[in-house]
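Here's a quick briefing to read alongside the model. Have the viewer open as you go.

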Amino acid sequence: MLFSSITFLYAFLPLTLAAYFLAPKRWRNGVLLAASLFFYFFGEPVYVCLLLISSLNDYIWSLLIEKHRGQTRRMKVYLILSIVVNLGLLGFFKYADFLIGTVNSLFGTAIPLTGVPLPIGISFYTFQTMSYTIDVYRGRARAQRNLATFATFVSLFPQLIAGPIVRYTDVAAELESRKSTLEGAALGFRRFAFGLGKKVLLANAMGELCAAFRATTGPSVLFYWLYAVAYTLQIYFDFSGYSDMAIGLGRIFGFYFPENFDYPYIARSITEFWRRWHMTLGSWFRDYVYIPLGGNRTSRGKWLRNLAIVWLLTGLWHGASWNFVLWGAFFGVLLMVEKLFLEKSMGRWPAVLRHVYVLLLVLVSFVIFNANGLSGVLSDLGGLVGAGGLPLSSAETVYYLRSYAVLLAVCLVAALPLGKRLYERCQNARVLVVLEPLAVAALLAAVTASLVDGSFNPFLYFRF
C-alpha cells in the first residue's frame, strides 16, 4: 500500500487514526501493531511472516544477551547468531540470485536462479532490528521484554517500507509512554501533506519525463542531460517526500523520528552531501560498521580500507546489481580524494564552483545508480558525452524541454531551502493562521486530483 494512494489516504489512514485515538492508551500499541501488520500484509501477504520472524529473532537473542550480561563470550555468541540470521535472511532474499548470476557469468555454469521476489522494505527493517540487538549488547539499550511492543517498533507502518531508519533507542521511551497532542498532530499532518505533495506533484512528474526518455527511439546528448537532471530531482523528491510523510505520521501518533534529508543539493562538497542525504543510513553505517572497524583513528591504509568497506556495503545495500556496487565505489573514491587531496584547497574555491562540482558529480552518480547493469552504465554515461555519434539535440528533445521547463524550474527551487527560510521568517505572522490550513487543503486537493487522474505513481525506494 502506497502512502500516495487513494486507498491509504481515504480508507486506511482515517480508520487507523479513528481506532487509535478512540482506544484507551494502554491499547494503542496494539492498534498500531495490528494496523502495521495489515498495512504490510496488503502489499506482501506472504512475507509478513518474514517480518514477524525477524522481530522474534532479535527479541529472543537480545533477552539472552541481557540475561547473561557480564559473560562476554556468551553475549558475543548470541549477538553473532542474531546477526547471522538477519544477514542470512537479507542475503537469501535480496542477493542470492545476484550471486548465482555472477557465478554463472564468470564460470559459464547454469545454476538455476531462485526466482524469489524481494520482500518490500527488508533492507530497512533488517537494519533496524540489527541495531537494536547491537545496542543491547553494547549496553546502550535495555532489552524489551514485551514482544508485542517490540514488534510494534519493528513494524511501525509510517517508516516500515522506506525509512527513515529508526533505531530502537530513538523511540524506546515513546513506545512505553507518549503524548499525542492537537498541536503535534497538526504539525505532523502538515509535514505529511507537504511530503505527499513532493512525491505526487514533483517526483511523479519527473518520473514521467524519465520514462519518456527511456521510451524514445531518437535520443540526443541534450536529452541524456535532461534525463539526468530529471532523475536526480525525481529520486530526491521521491525519497525525501516519503521521509517527510513518515516523520509526519510518526508525529501524529506521538513519535519523533529522526530527520533523513537536509537539502543535500546545496552541499559544497561530496562529504557534506552525504551529511545531508539519507542521513539515517549514513549514521547507521558510521556507528555499526565504520567506527567498529577503527574509523579514521587508525593508519591511513586501514582508514582507506574502512572507507572502501563502508561504501561497498552502501552500494550493495541499495540493490543487488553491479551498477549499485559501482555507484558505491564511485562515492567511496570521491570521498577518499576529497579527504586526501582536496579538503584544504576546496575552502579557497568560489562557492559557485563548489556547488557546480558537487551537482555535476551527483548527477553522474545517479545516472550510474539508475542504469540497467554495467552495460547500461556505459551506455548512459556515453550518451552524456555524445558517444556513438549522437546528435546534440533533436525536435523531440526540444519538445520535452519546453513542456517540462516550468516544472523543472519549480523542482529546482523546491530543492533549495528558500521556502523553509521564508516560512521561518513569517512564522509568527497572523496571516499564516489562515493561509497555512488553506495551503494544506489546496495541496491535498491537487494531490487527490492527480492520483485520481493518473496512474504513474511508483516509489523508487520500495525496491531496496
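**A buried threonine, a bent helix and two positive phi values**

The side chain of threonine 152 reaches the backbone oxygen of asparagine 29 at 3.5 Å, a polar contact (a pair of N or O atoms within 3.5 Å; within protein, one must be able to donate a hydrogen and the other to accept it, and residues adjacent in sequence count only if both atoms are side-chain atoms). This is a predicted model, where local features need pLDDT of at least 70, side-chain atom pairs count only at pLDDT 80 or more, and totals for chains, interfaces and linings use all residues. Residues are numbered from 1 along each chain as its sequence is written, and side-chain values use heavy atoms, leaving out hydrogens and water.

**Threonine 152**
- You'll find threonine 152 in helix α6, residues 147-155 (helices are DSSP runs of H or I, at least four residues, numbered from the N terminus).
- Threonine 152 counts as buried because its relative accessibility is 1% (buried means under 20% relative accessible area, with a 1.4 Å probe and protein chains only).
- Leaving aside residues up to four places away in sequence, threonine 152 touches Asn29, Leu32, Leu33 and Leu175 (contact means heavy atoms within 4.5 Å).

**Helix α8**
- Helix α8 bends by about 30° at alanine 203 (the angle between axes fitted to the seven residues ending there and the seven starting there).

**Positive phi**
- Tyrosine 263 isn't a glycine, yet has a positive phi of about 45°; this tyrosine sits in the loop between α9 (221-252) and α10 (270-276).
- Tyrosine 263 is buried, at 18% relative accessible area.
- Histidine 278, in the loop between α10 and α11 (279-293), has a positive phi near 45°.
- Histidine 278 is buried too, with a relative accessible area of 0%.

Note on methods
Helices (H or I, at least four residues) and strands (E, at least two) are DSSP runs, numbered from the N terminus. Buried means under 20% relative accessible area, exposed over 50%, partly exposed in between (1.4 Å probe, protein chains only).
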